[in-house]
Amino acid sequence: MFDLSSKVALVTGGSRGIGRAAVMALAERGAHVVVNYVNNEGAARETVTAVENAGGKAELLQFDVANGEAAEKAIAEVAKRLGRLDILVNSAGIAIDGLLLRLKEEDFDKILAINVKGAVACSRAAIRTMMRAKTGRIIFLSSVVGEMGNAGQTAYSASKAALLGVTKSLAREYASRGITVNAITPGFIDTDMTSNLTDEQKTAMLTAVPLGRTGTAREIAAAVAYLASDEAGYVTGQALRVNGGMYM
């Protein structure tokens, strides 16, 4: 099930957290995975090595999604070199938390540049290749806070909510070309992004999760693998909630 043999996938922000788990999940199912990173080449190489040690295929691709021109050029070049690009997972993202009255304009701009504009630029480049092939899968990593909001995360929530609108619009635009576009909205997941929370904050968040625990990056990656597969060929424009019941 979810056989991705002969498929080429690109995962932005693939060197850590959910991105890395997505790389592993896609590679385990036979995809040749291109691992994007910005600065941490060491972590990206570790991801590629982990894939190869497990018998999979992966390679590195350095570019900053916030630089739309560079991102589109890099994706076009790798698609040309490999002959195809079947799957794009937009996982790259940042969070800069703080109450609105303390939010710096440059921080807001940075969040939008990476989380929204970067994901759109990557999708635009991928769609050009996918349109010629008349098939493709685009997956956005949104967030539960993009649906329900969260105090102290106005900018981050706004960026993740924007991705849901992008998902639905692109799904309508390119369904006739055989391209599906979906989003995943993770809840409270055990990653680097949540590791900085205090025990008190974690406990408070867990009270809002009916399953009573944090999720794992691997559980999000399983949803990625499903949406990337042929079995999900009739699923488009959707937001798949993987949040332990935090938001229903």
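In what kind of crossing does α4 pass α6? The legends below take this up first and then move on to other close-ups of this predicted model.

**View 1. Helices α4 and α6 pack against each other.** The answer to the opening question is a right-handed crossing of α4 past α6. Packed helices in general are described by the angle between their axes and the distance between the axes. Here, helix α4 covers residues 105–133 and helix α6 covers residues 154–174; they pack at an angle of about 15 degrees, with their axes 9 Å apart. Angles under 35 degrees count as roughly parallel, and α4 and α6 are therefore roughly parallel to each other.

**View 2. The residues where α4 meets α6.** From α4, the contact is made by F108, I111, L112, N115, V116, A119, V120, S123, I127 and M131. From α6 come A155, Y156, S159, K160, A162, L163, V166, L170 and Y174. Sorted by character, the residues of this contact are 15 nonpolar, 3 polar and 1 charged.

**View 3. An open sheet of 7 strands.** To find your way across the sheet, follow the order β3-β2-β1-β4-β5-β6-β7, where the pairing is parallel. At the edges stand β3 (57–62) and β7 (239–242); each has a single partner strand, so one side of each is left without a neighbour in the sheet. From one strand to the next, the twist averages 20 degrees.

**View 4. Strands β6 and β7 side by side.** Strand β6, made of residues 179–186, pairs with β7 in the parallel sense over 4 bridges. Look for I184, which stands opposite L240 in β7.

**View 5. Helices α2 and α3 pack on the sheet.** Helix α2 (residues 41–53) touches β2 (32–37) and β3, and its direction makes about 165 degrees with that of β3. Helix α3 (residues 68–82) touches β1 (8–11), β2 and β3. The direction of α3 makes about 150 degrees with that of β3.

**View 6. R84 in the loop between α3 and β4.** Follow the chain from α3 towards β4 (87–90) and you will meet R84 in the loop between them. Is R84 buried, exposed or partly exposed? R84 has a relative accessible area of 33%, so this residue is partly exposed. Leaving aside neighbours within four places in sequence, R84 is in contact with S6, V8, A79 and T129. For a sense of scale, R84 and Y234 are 150 residues apart in sequence and 22 Å apart in space, C-alpha to C-alpha.

Technical notes. Residues numbered from 1 in each chain as written. Predicted model: local features only at pLDDT ≥ 70, side-chain atom pairs only at ≥ 80, totals over all residues. Heavy atoms only, no water. Axes fitted to C-alpha atoms, helices over the stretch in contact; angles between N-to-C directions. Helix = DSSP H or I, 4+ residues; strand = E, 2+ residues; numbered from the N terminus. Parallel < 35°, antiparallel > 145°, perpendicular 65-115°, else oblique. Left-handed = near helix turned anticlockwise from the far one by under 90°. Contact = heavy atoms within 4.5 Å. Nonpolar A, V, L, I, M, F, W, Y, C, P; charged D, E, K, R; others polar. Pairing = 2+ DSSP bridges. Buried < 20%, exposed > 50% of the residue type's maximum accessible area, 1.4 Å probe, protein only.
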